[in-house]
Amino acid sequence: MSYELIKRSITPADSDPSSLSVGRVLFAGGMAGIFNWAVAIPPDTLKSRLQTAPAGQYPNGLRDVFKELVAKEGVMSLYKGFTPVMLRAFPANAACFCGFECAMKFLNWAAPSL
């Protein structure tokens, strides 16, 4: 959803979003990845803590992980690893969405009636 919104917002007024340049597609894809991970880091941190904990440490699952993490390390601990995740998110998602756009252009060329 964020990818499509960014694509529409950077499309010139007299153009179609499907005709964006590669640079603009890369930018939209990279920013979509950044937005996704900004929202996904806290639950991912909780999941990782739960997965690496000894069996039985968190009997109520993610609720116990959340309570302990926030009590011991504060709310910002939910964003541990933010910088490396963001450094990876932009290029990885830019390439992913560029591949998606290339595939869609090829498929629309190869089978326009589908």
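## Aromatic pairs

W109 is exposed, at 67% relative accessibility. That figure is over the 50% mark, so W109 counts as exposed. This is a predicted model. W109 shares helix 4 with F106, three residues away, about one turn of the helix.

A search of the whole structure turns up three aromatic pairs. One of them joins Y3 and F97. Their rings are stacked, with 4.1 Å centre to centre and 15° between the planes. Y3 belongs to helix 1 and F97 to helix 4, so the pair ties together parts that are 94 residues apart in sequence. Y3 is buried, with a relative accessible area of 4%. F97 is partly exposed, at 22%. The rings of F106 and W109 also pair. Their centres are 5.8 Å apart and their planes stand at 40°, so this pair is tilted.

## A charge over a ring

W37 has a charged partner. The charged end of R88 sits over the W37 ring, 5.2 Å from its centre.

## The nonpolar core

Nonpolar side chains in soluble globular proteins tend to be buried together. Here the largest nonpolar core has eight residues: Y3, I6, I10, L20, V25, A28, A32 and C98. Helix 1 (2-10) and helix 2 (22-52) each supply at least two residues of this core.

Y3 therefore has two roles in this picture: a core residue and, buried at 4% relative accessible area, the stacked partner of F97. C98 is another member of the core. Not counting residues up to four places away in sequence, C98 touches V22, V25 and L26. V25 is itself listed in the core.

## Salt bridges

Side chains of opposite charge can pair when their charged atoms come close. The whole structure holds five salt bridges.

Two of them sit within single helices. K47 and D44 meet at 3.4 Å, N to O. Both lie in helix 2, three residues apart, about one turn of the helix. K47 is partly exposed, with a relative accessible area of 35%. D44 is partly exposed too, at 29%. In helix 3, E68 and K72 are four residues apart, again about one turn. Their side chains meet at 3.8 Å, N to O. E68 is partly exposed at 27%, whereas K72 is exposed at 65%.

## A bridge between helices

R49 forms a salt bridge with E73, and the closest N and O atoms are 3.3 Å apart. This pair links distant parts of the chain. R49 is in helix 2 and E73 is in helix 3, 24 residues apart. Both partners are partly exposed: R49 at 27% and E73 at 37%. K80 joins in as well, for R49, E73 and K80 are linked in a network of salt bridges.

## The loop at S77

What lies between helix 3 (62-73) and helix 4 (82-110)? A loop, and S77 is found in it. Is S77 buried or exposed? At 3% relative accessibility, S77 is buried, because buried means under 20%.

The S77 side chain has a polar atom 2.5 Å from the backbone oxygen of G74. S77 is also in contact with T45 and L69, leaving aside its neighbours within four places in sequence.

How values were computed. Residues numbered from 1 in each chain as written. Predicted model: local features only at pLDDT ≥ 70, side-chain atom pairs only at ≥ 80, totals over all residues. Heavy atoms only, no water. Buried < 20%, exposed > 50% of the residue type's maximum accessible area, 1.4 Å probe, protein only. Polar contact = N/O pair within 3.5 Å; in protein donor to acceptor, adjacent residues only side chain to side chain. Contact = heavy atoms within 4.5 Å. Core = buried A, V, L, I, M, F, W, Y, C linked by side-chain atoms within 4.5 Å. Salt bridge = Lys/Arg side-chain N within 4 Å of Asp/Glu carboxyl O. Phe/Tyr/Trp six-rings, centres within 6.5 Å; stacked < 30°, edge-to-face > 60°. Lys NZ or Arg CZ within 6 Å of the ring centre and 35° of its normal.
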